[in-house]
Amino acid sequence: MITLKNKLGISYFIHAIVLCYLITSLYAENNLPYIEEYRLKNGLRVLIAPNYDNPVVYINVYINASKLDDYENQIGISTDAFDAMDQGTSKYPSNNHIRDKLFSLGSDDGRFKRFHLNFVHGTIQDYFLKEDLNEGLELISEILIHPTYPIWLKKFLSSIVFATSPKTSLIRSKQLLYKHNVHQYANIYHHIHPKPIASKKKLLKWHHNFITPENITIMVSGDVNAIYVKKMVDKYFGDWQPSNKIPEKRNYSINLNDKTGIKLRFIHVENNKDAQIDIVKWAPSTSDKRLYAGILARDVFGAHGFSSRLKNIHSKFEYYGELHSSLRKHPTIPSIQIRGIIQYEGLSRLYNELKSEFKILSNNSITESELEYAKKAKINYYNNRLHNPRQLSTFIQDNYNLNGYSLDEISNKWNYIQSVTLEEINDVAVKMFDPNNFMMVVVGNKDSCATFLEQFENVEYYEHTEELRESASSP
């Protein structure tokens, strides 16, 4: 006979089982290690990810400001202002003082592991020993909050290096490709040649407008105590006053639409040994529901690490030079790029191979096995980001700051990848790899590329010495 007491015991047991199942399911879906997040009163976001496998700490500062935040009448001001932040601060009067401080904290070259501004964000990153976390945060706070922009030679010297570098140099040609493709694709201007250094007043104004606590996420990962990290972050960043109003992001119109066709821009460089080619095509952004199908479609076409279709094309040229693709997911300028270095006699053949593959991809040719392989590779990539403090912080920061500041969304990336269907990946591939709709920049010697150029009716010609022309990128 079952008594009331027994019934209650059975009921509690069933509830316990259900509760354990729910908790287990919850944590099974959370693919990330433990990460604590909070905000200071001034708007600065903080992520803390303890990892006690190694006695080191990695600090990753994500700044929601980029080269896209130039003022319209001051092209390049963002780069100038960011690059000069570590040239001197209130406490460290010169770059030499900052270098000495980094050496004292274990740096092998007196520089941060990463101090960079691109078209998406700015970042300052470095490793520190656990006992040096306090001083590491203090140094970074000085650079972010109290740069003095002293008279500096870095920009001047780098401009001389570029101006005097051989016209056949790989650095010069890659910079030409880089600047021309974003200008052609989205009317984004950057000077091809050295320009006057911005005044201290202008640098300080840009810094005041964009390097603000509301624009920053600091992630501290590794052998850390969360309570101590919070105390140090509040000590060095808590009194930083927020901006009254962050300037609105500039809007860039994408020149590539469904009716653009194929547009070629050619930059003549007299003595280039090889031709360099850069094809830019549409891709879904982080705000597009087709994002994960697009990520996998790009991987099938040209990801590193397995036998992609792009790798198969490269094998036909005995892997000469370079041939790779990259995906920009930023909402402002989402695109897929295919970049290669090829001998002049192989340029037309490479172009035709690529265009032929575009045509194949736009005709529902991605197979179930390719999709499954791409899924496994991407999930392995995500999994491998989780254990190394540097890789974890980069993975989290790059996603967290573009998805509305959600760790849950990052944890769901595994499920999003797994849920992509064959129909979805082929549907997005039709648009991504349209064989008759893309923009292309080629750098090389005009005479050596004559046969290649003959197949195009309208070619936009540049000399490598020319600045970007304002009307050139109109669709």
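In what order do the 6 strands of the open sheet come? Let's find out, keeping in mind that this is a predicted model.

## The sheet

The strands are arranged as β1-β2-β6-β3-β5-β4, and their pairing is mixed. Two of them, β1 (36-39) and β4 (114-117), are edge strands, each with a pairing partner on one side only. On average, neighbouring strands in this sheet are turned by 10 degrees against each other, ignoring direction.

Some background helps here: strands of a sheet pair through backbone hydrogen bonds, and they can do so in a parallel or an antiparallel way. You can look at one pair up close. Strand β1 is joined to β2 (residues 45-50) by 4 bridges, and the two run antiparallel. Within this pair, Arg39 stands opposite Arg45 in β2.

## A helix across the strands

Now turn to helix α8. It lies across β1, β2 and β6 (216-222), and runs at about 25 degrees to β1.

Helix α8 (residues 226-237) also has a helix partner, α4 (residues 133-145). Their axes come within 9 Å and cross at roughly 30 degrees. Angles under 35 degrees count as roughly parallel, so α4 and α8 are roughly parallel to each other. Their crossing is right-handed.

## Where the two helices meet

Which residues of α4 meet α8? From α4 come Leu133, Asn134, Leu137, Glu138, Ile140, Ser141, Leu144 and Ile145. On the α8 side they meet Tyr228, Val229, Met232, Val233, Lys235, Tyr236 and Phe237. Sorted by class, this contact has 11 nonpolar, 2 polar and 2 charged residues.

## Two residues to look up

Is Asn209 buried or exposed? This residue lies in helix α7 (residues 200-210). Its relative accessible area is 14%, and the cut-off for buried is under 20%, so Asn209 is buried. Setting aside neighbours within four places in sequence, Asn209 is in contact with Tyr71, Ile246 and Pro247.

Tyr416 sits in helix α15 (residues 413-419). With a relative accessible area of 26%, Tyr416 is partly exposed. If you do not count residues up to four places away in sequence, Tyr416 touches Tyr292 and Glu409. You can also check a distance here: the C-alpha atoms of Tyr416 and Ala293 are separated by 8.9 Å, while the two residues are 123 residues apart along the chain.

Definitions and conventions. Residues numbered from 1 in each chain as written. Predicted model: local features only at pLDDT ≥ 70, side-chain atom pairs only at ≥ 80, totals over all residues. Heavy atoms only, no water. Axes fitted to C-alpha atoms, helices over the stretch in contact; angles between N-to-C directions. Parallel < 35°, antiparallel > 145°, perpendicular 65-115°, else oblique. Left-handed = near helix turned anticlockwise from the far one by under 90°. Contact = heavy atoms within 4.5 Å. Nonpolar A, V, L, I, M, F, W, Y, C, P; charged D, E, K, R; others polar. Pairing = 2+ DSSP bridges. Buried < 20%, exposed > 50% of the residue type's maximum accessible area, 1.4 Å probe, protein only.
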